[in-house]
Amino acid sequence: MPRWLWLPGGLALAFVAGPLLGIAVRIPWADVPALLTAESSIDALRLSLLTCLAATALSLLLGLPLAVLLARASGRWAGAARTLVTIPLVLPPVVAGLALLTTLGRRGVLGSYLSAWGIEIGFTTVAVVVAQTFVAMPYLITAVDGALRSTGTAYEQVAATLGATPTHVLRRVTLPLMLPAVASGTALAFARALGEFGATLTFAGSLQGVTRTLPLEIYLQRESDTDAALALALVLILLAGATVGVTTWVARRTTGRVRS
């Protein structure tokens, strides 16, 4: 590599790492245990983990089939569907929350009918999961779709000519090929759901123990207790770092098995 790449590369790394190190320097480490064991902090952390796991599972359940269909389909409908999937990636979070509220809220397009049946989604824990899934699932779909399109269909065509059924090809050929992308896409979806703020606040509100996730708690504590906000921010950074680290390890092992 040209040596001059070290200068812009080092600046980019410093630009990303600097604010994270700034939080570590500013945190009152002696008070961290007390700050994190406060009732509001524990409620926010528990709710964030539970809803993020539910949103990630829902993203896998719904997103993987769509990613496979998009990767192996052709025609205008595939391009239109891929565009729709990409839109939540670029939408401002508040707009995403507003879209969910006008659709699934008590007076929404679909929410009014659900409310008539006694089903309330807006400003509940379910609303948190829905908001997180809406903004996180496109990351999984995009990662898997791109990986499958880059691998091509040669292996699947060979399996089909040998008499394998479509379901058998999907299970024994397609799924192993996309496992590394599934691992990285799942990590992206989980991290995006963990850091979701705007859509959750707009669609679910901020009720302690019900809809107030870790990012919302950090925002509220920033106004009254900066030390508590920094301590919770540290937890969020550590969770994101652990997710990326574990996923990188899993992706490497999976890639090696797929190549073998």
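Q: Why is Asp145 called buried in this predicted model?
A: Asp145 has a relative accessible area of 3%, and because buried means under 20%, Asp145 counts as buried.

Q: What makes the contact between Arg149 and Asp145 a salt bridge?
A: The side chains of Arg149 and Asp145 meet at 3.4 Å, N to O, and since a salt bridge asks for a side-chain nitrogen of Lys or Arg within 4 Å of a carboxyl oxygen of Asp or Glu, the pair qualifies. Arg149 and Asp145 are four residues apart in helix 7, and are therefore separated by about one helical turn. Together with Arg82, these two residues are linked in a network of salt bridges.

Q: Why does Arg149 count as partly exposed?
A: The relative accessibility of Arg149 is 46%, and because partly exposed covers the values between 20% and 50%, Arg149 belongs in that class.

Q: How do you know that Arg212 and Glu217 form a salt bridge?
A: The closest N and O atoms of Arg212 and Glu217 are 3.8 Å apart, and the limit is 4 Å, so this pair is counted as a salt bridge. Arg212, at 17% relative accessibility, counts as buried, and Glu217 is buried with a relative accessible area of 1%.

Q: Why is helix 4 called oblique to helix 7?
A: The axes of helix 4 (residues 76–90) and helix 7 (residues 125–151) come within 8 Å and cross at roughly 130°. Because roughly perpendicular ends at 115 degrees and roughly antiparallel begins over 145, helix 4 is oblique to helix 7.

Terms used. Residues numbered from 1 in each chain as written. Predicted model: local features only at pLDDT ≥ 70, side-chain atom pairs only at ≥ 80, totals over all residues. Heavy atoms only, no water. Axes fitted to C-alpha atoms, helices over the stretch in contact; angles between N-to-C directions. Helix = DSSP H or I, 4+ residues; strand = E, 2+ residues; numbered from the N terminus. Parallel < 35°, antiparallel > 145°, perpendicular 65-115°, else oblique. Buried < 20%, exposed > 50% of the residue type's maximum accessible area, 1.4 Å probe, protein only.
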